[in-house]
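Open the model in your viewer and keep the selection panel at hand. The tour goes stop by stop, with a selection at each one.

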Amino acid sequence: MSMLDVVVAVLLLFGVTLALLAAIGLQQFPDVFARMHSATKPATLGLVAILGATALHIGDAGAVAKLVLVAILQFITAPVGAHMVGRAAYRAGTELSPLTTIDELAETGLGRPRQEQPEAHEGLPE
């Protein structure tokens, strides 16, 4: 096993780990707006690590150029897609998680006013 094989294996494991964390984040985060982070950031970095491992393993200049193009397109399209999904979900009236503390669209007047969340102790006898 050469040093190049070790680097390729480490990059593949790193990419797969990030993709797994992205999948776990999609399941665990409380609302669509938080899930967009896990759908874009770790998944994009994981894909770039896997593409880097593939480029090192193949070594052909033409194939590496295509892999670089894939990485560039991923960096361009993933944030734009996530932004569009977020705006569509916001305009559709998707409720924010109680853990969300900042609603910049509502603060700037571009969004809908946020409904106040009931206090946790509300309704309990004193």
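Which residues does Leu 45 touch, not counting residues up to four places away in sequence? Select Leu 45 and look for Phe 14 and Leu 18: those are the two it touches, where contact means heavy atoms within 4.5 Å.

**Before moving on**

This is a predicted model, in which local features need pLDDT of at least 70 and side-chain atom pairs count only at pLDDT 80 or more, while totals for chains, interfaces and linings use all residues. Residues are numbered from 1 along each chain as its sequence is written, and side-chain values use heavy atoms, with hydrogens and water left out.

**Whole chain**

Switch to cartoon. The chain has four helices and zero strands. Its pattern along the sequence reads α-α-α-α. Helices (H or I, at least four residues) and strands (E, at least two) are DSSP runs, numbered from the N terminus.

Now turn on the surface. About 8,900 Å² is exposed by the chain, and carbon and sulfur atoms supply 69% of that area. Accessible areas come from the Shrake-Rupley method with a 1.4 Å probe; for residues, only the protein chains shown count as cover. Of the 126 residues in the chain, 23% are buried. Buried means under 20% relative accessible area, exposed means over 50%, and partly exposed lies in between (1.4 Å probe, protein chains only).

Consider the contacts as well. Among those in the chain with a separation of 6 or more, 55% join residues 24 or more positions apart.

**Back to Leu 45**

Leu 45 sits in helix α2. Its relative accessible area is 42%, so it is partly exposed. Draw a distance from its C-alpha atom to that of Phe 75. The separation is 9.0 Å, with the two positions 30 residues apart along the chain.

**Thr 44 and Thr 40**

Step back one residue. Thr 44 belongs to helix α2, residues 32-58. Thr 44 counts as buried because its relative accessibility is 5%. Show its contacts, leaving aside neighbours within four places in sequence: Gln 74, Phe 75 and Ala 78 appear.

Add Thr 40. It is in helix α2 too. With a relative accessible area of 14%, Thr 40 is buried. Beyond four places in sequence, Thr 40 is in contact with Ala 78 and Ala 82.

Zoom in on the pair. A polar side-chain atom of Thr 44 lies 2.5 Å from the backbone oxygen of Thr 40.

**The nonpolar core**

Select Phe 33, Met 36, Ala 82, Ala 89, Tyr 90, Leu 96 and Leu 105. These seven residues make up the largest nonpolar core. Such a core is a set of buried Ala, Val, Leu, Ile, Met, Phe, Trp, Tyr and Cys residues joined through side-chain atoms within 4.5 Å. Helices α2 and α3 (61-91) each supply at least two of its residues. The largest share, three residues, comes from α3.

Center on Met 36. Not counting residues up to four places away in sequence, Met 36 touches Ala 82, Val 85 and Gly 86.

**The nonpolar patch**

Which residues make the nonpolar surface patch of about 690 Å²? Select Met 1, Met 3, Leu 4, Val 6, Val 7, Val 10 and Leu 56. Patches are made of residues with over 30% relative accessible area and no salt bridge (a side-chain nitrogen of Lys or Arg within 4 Å of a carboxyl oxygen of Asp or Glu). Like charges are joined within 9 Å, and nonpolar side chains (Val, Leu, Ile, Met, Phe, Trp, Tyr) within 5 Å.

Helix α1 (residues 3-28) gives the patch its largest share, five residues. Val 10 is in α1. Val 10 counts as exposed, at 52% relative accessibility. Its C-alpha atom is 9.6 Å from that of Ile 50, 40 residues apart along the chain.

Leu 56 lies in helix α2. Leu 56 is partly exposed, with a relative accessible area of 36%.

**Last stop: Gln 27**

Is Gln 27 buried or exposed? Select it in helix α1. Gln 27 has 63% relative accessibility, so it counts as exposed. Finish with a distance to Ser 38: the C-alpha atoms are separated by 9.6 Å, and the residues are eleven apart along the chain.

Technical notes: A polar contact is a pair of N or O atoms within 3.5 Å; within protein, one must be able to donate a hydrogen and the other to accept it, and residues adjacent in sequence count only if both atoms are side-chain atoms.
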